[in-house]
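I opened this notebook to record how side chains pack and how aromatic rings are arranged. The entries follow the order in which I looked things up.

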Amino acid sequence: MLNTEAIGEPLMHLDSRRLLAGARRAVPEAFDAQGRLLSPVAGRWLHPPAWFNASSPIDGSVIAELPLLGAAQVASGVEQAAAEFVPWAGRPLEDRARAVAEAVVLLHAHRDLLVRILAWDIGKTLPTAYNDVDRCLAGIAWYLERMGSMLDGRKPLGLVSNIASWNYPFSVLLLNVLVQTLSGNSVIAKIPTQGGGVSLTLAFALLRRAGLPVSLVGGRGRDLSEALVGHPRIGGVAFIGGRANGAEVHRRLRETDKRYALEMEGVNAYAITHFTDWDALARQIRAGFDFGKQRCTAYTRWVVEKSLVPRFVRTYVDTVSALRVGNPVLGAHVDFGPLISPSKVEELRSLIAEARERGTAVLHEGELAEDAFTSRQERGAYLPPVLLFGVPRDSELYLREPFGPVDVLVSVDSEEELVREANVSNGALVASVATDDPELAQRIASRLHAFKVGINALRSRGDREESFGGKGGSWAGAFVGGTHLVRAFTDGPHPLEGNWPD
């Protein structure tokens, strides 16, 4: 067992400083003379008028300073990034593929550095950080092998803009950027406001070294959205985030002819009825806490037949009680680390307290693993699992995704009520049904408003050949994944599949 008393905060901070020093040696062009990060735009490294601190949720320490560009600077950056499109699109696919393959070689060469900085960036455990980076690398290798047939008869759109959440910067955002580029587009992306900007800047520096037409800008969303969504040189927009921001982006895009794929949150429900395989469900419950449920496909709503509620609660509590929550970089085994920020924890604690005051029962409230912290470490971003029952119907916890390890249990008396409660958020990205009756499973699954429905199994976002989208308010625009991701940001003879306004 790790002796955490022997590891003080200065040594922990030294670890993150050593990583940043390693990054400066690897890609010195990404830093200014004071060690602050710059923005790569169309082959140049922009100096912003100001910087903002990238604080690690692991212990609250500042790990780097990221660029805070202004609206005019980003608008000019869009023009420059758009100018890279024609010469890039004019190169044969074989040339573009060689450049992308060279970028992949560089990413592989710096894989360990990227992973460890990513862990500090957003609080991932090392295994989940490796998984994020490796899924990106394996994913683009898959596309490199198949892009020729996917692009048959198709042409790139132009400059594609990417605005994504912070939680999967490599396996989602960077993979999308690489596929869009391989397809012949130039690309501009925004640094996620809440985290991931340090590791992403290093990755984009490597992509630029390979000659890819990719740009990365940092700044406040309200300052950058006009340029990254509304600028006339933007040919397509890929957005991943919350419904409020996504709805505003959708409103603006519907008034244009720009291509878009907008992935938004939804309450992913697991419906349980006529069920007996509790050991299998326990394994799924445990797996569902990956990265503290900070995922767009996390299951946080459990809709359970009333007679099965006691057995579900026993299974849930027995399983979740074994989870260890603590500092993900100390070396002591933990199942997940911090949420993205102390403010997120404060938000969830406030919602839990409000629900309790209104009669909600807390059926389980976990504890932090005391041996997985240093003696004086800041713990504001850590929240152990919580299971709530009887949440008021007008509570935010009842109606929206918590994006953290807070689960809601709903008891139902009928199939109709089960379906209604599972569909509470007007659409979701994934859902599941647990039942021993295959016919019943198919009947319920067909009525759930989710793009993917698992039968006695969790569903994930998926990639490569598996398409991804959504119903209701969880998705707008073209579906992505495999051929769909290529078609989403190219023009050609085949129809686009998606969730459209009409």
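Against which elements do the buried residues of H11 pack? I note beforehand that the model is predicted. I found that they pack against strand E11 (268-272), strand E12 (299-305) and helix H12 (309-320). I then listed the buried residues of helix H11, which spans residues 278-287: Trp278, Ala280, Leu281, Ala282, Gln284 and Ile285.

Entry on aromatic pairs. I searched the whole structure and obtained 16 aromatic pairs. One of them joins Phe312 and Tyr316, whose centres are 5.9 Å apart with 40° between the planes, a tilted arrangement. I located both residues in helix H12, four residues apart, about one turn of the helix. Phe312 is buried, at 0% relative accessible area, and Tyr316 is likewise buried, at 0% relative accessibility.

I next looked up Phe373 and Tyr382. Their ring centres lie 4.8 Å apart and their planes meet at 80°, so I recorded the pair as edge-to-face. Phe373 has a relative accessible area of 1% and is buried; Tyr382, at 2%, is buried as well.

Entry on the ring cluster. Which residues do ring pairs link into a cluster with Phe312 and Tyr316? I noted Tyr270, Phe289, Tyr299, Trp302 and Phe336.

Entry on charges over rings. I found Arg36 over the face of Trp51, 3.6 Å from the ring centre. I also found Lys124 over the face of Phe291, at 4.0 Å from the ring centre.

How values were computed:
Residues numbered from 1 in each chain as written. Predicted model: local features only at pLDDT ≥ 70, side-chain atom pairs only at ≥ 80, totals over all residues. Heavy atoms only, no water. Buried < 20%, exposed > 50% of the residue type's maximum accessible area, 1.4 Å probe, protein only. Helix = DSSP H or I, 4+ residues; strand = E, 2+ residues; numbered from the N terminus. Contact = heavy atoms within 4.5 Å. Phe/Tyr/Trp six-rings, centres within 6.5 Å; stacked < 30°, edge-to-face > 60°. Lys NZ or Arg CZ within 6 Å of the ring centre and 35° of its normal.
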